[in-house]
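Please read the points below with the structure open beside you, and look up each residue as it is named. They are meant as a colleague's note for someone meeting a structure like this early in their studies.

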Amino acid sequence: EVAIRAINIIWSMTLLKNDPSLNIFVWQVIVCSLEDHRHFLEHNLETSDRPNNHLLADLLGLAYLELFFTSDIKKDYQTQLHDIAQKFNKQIADDGTSYEGSTAYHRLVYEMLTHLRALFD
């Protein structure tokens, strides 16, 4: 999945940013790849008429990419953050379980929610 890959790349870059063995060319290739990820996500959101963890991942990935490229969340992105939170509320049942009813998806959705809170707290 494009969004999860983008998040993993951003975290890897953060952890390796001081590694002297990675030259500027490598960083440029990675940054260009992340720009491609952002462009793809902006034009290919996985929408559905039902709760959808793919859309949650897409939106979370876009939030990471927005912060990566601008170091700030745009003011209008606060509205999008509210929309993301509402989508999480639809994904999570009243008893705290995931809409899909799968333990793996339950964990995935809560991991994404944890990332979202870390980005905006």
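The numbered points that follow take up the core, a buried polar residue, the salt bridges, the aromatic rings and the surface in turn.

1. Before anything else, please keep in mind that this is a predicted model, and that the values quoted in the points below are computed from it.

2. The largest nonpolar core is a good place to begin, and it has 24 residues, among which Phe88 and Met112 touch the most other members. At least two residues of this core come from each of helix 1, helix 2 (24-43), helix 3 (53-70), helix 4 (77-91) and helix 5 (103-120), while helix 3 gives the most, with 8 residues. As general background, nonpolar side chains in soluble globular proteins tend to be buried together.

3. Which residues does Phe88 contact, leaving aside its neighbours within four places in sequence? The contacts are Leu56, Val109, Met112, Leu113 and Leu116, so that Met112, named above with Phe88 for touching the most other core members, is also one of the residues in contact with Phe88.

4. Asn53 deserves a separate look, since this residue lies in helix 3 and counts as buried because its relative accessibility is 5%, where buried means under 20%. When residues up to four places away in sequence are not counted, Asn53 touches Gln91, Glu100, Tyr105, Leu108, Val109 and Met112. Two of these, Val109 and Met112, are also among the contacts of Phe88.

5. How many salt bridges does the structure hold? There are 2, and the general idea behind them is that side chains of opposite charge can pair when their charged atoms come close. In one of them, the side chains of Arg38 and Glu35 meet with a distance of 2.7 Å from N to O, and both residues lie in helix 2, 3 residues apart, which is about one turn of the helix. The two partners fall into separate classes of accessibility, for Arg38 counts as buried at 16%, whereas Glu35 is partly exposed at 32%.

6. Glu111 also forms a salt bridge, with Arg107 as its partner, and here the closest N and O atoms are 2.7 Å apart. Both Glu111 and Arg107 lie in helix 5, 4 residues apart, again about one turn of the helix. Glu111 is partly exposed, with a relative accessible area of 36%, while Arg107 counts as exposed at 58% relative accessibility.

7. A search of the whole structure for aromatic pairs finds 1, and this is the pair of Phe68 and Phe69, which is edge-to-face, with 5.0 Å from centre to centre and 85° between the planes. The label edge-to-face applies because the angle of 85° is over 60 degrees. Phe68 counts as partly exposed at 27% relative accessibility, and Phe69 is likewise partly exposed, with a relative accessible area of 26%.

8. On the surface, Trp11, Leu15 and Leu16 form a nonpolar patch, with about 330 Å² of accessible area together. Leu15 lies in helix 1 (residues 2-16), and because its relative accessibility is 68%, Leu15 counts as exposed.

9. Finally, Ser33 lies in helix 2 and is partly exposed, with a relative accessible area of 25%. Although Ser33 and Ile9 are 24 residues apart along the chain, their C-alpha atoms are separated by 9.4 Å.

Conventions:
Residues are numbered from 1 along each chain as its sequence is written. This is a predicted model: local features need pLDDT of at least 70, side-chain atom pairs count only at pLDDT 80 or more; totals for chains, interfaces and linings use all residues. Side-chain values use heavy atoms; hydrogens and water are left out. Rings of Phe, Tyr and Trp (its six-membered ring) pair if their centres lie within 6.5 Å; planes under 30 degrees apart count as stacked, over 60 as edge-to-face and the rest as tilted. Buried means under 20% relative accessible area, exposed over 50%, partly exposed in between (1.4 Å probe, protein chains only). Patches are made of residues with over 30% relative accessible area and no salt bridge: like charges are joined within 9 Å, nonpolar side chains (Val, Leu, Ile, Met, Phe, Trp, Tyr) within 5 Å. Accessible areas come from the Shrake-Rupley method with a 1.4 Å probe; for residues, only the protein chains shown count as cover. A salt bridge is a side-chain nitrogen of Lys or Arg within 4 Å of a carboxyl oxygen of Asp or Glu. A nonpolar core is a set of buried Ala, Val, Leu, Ile, Met, Phe, Trp, Tyr and Cys residues joined through side-chain atoms within 4.5 Å. Contact means heavy atoms within 4.5 Å.
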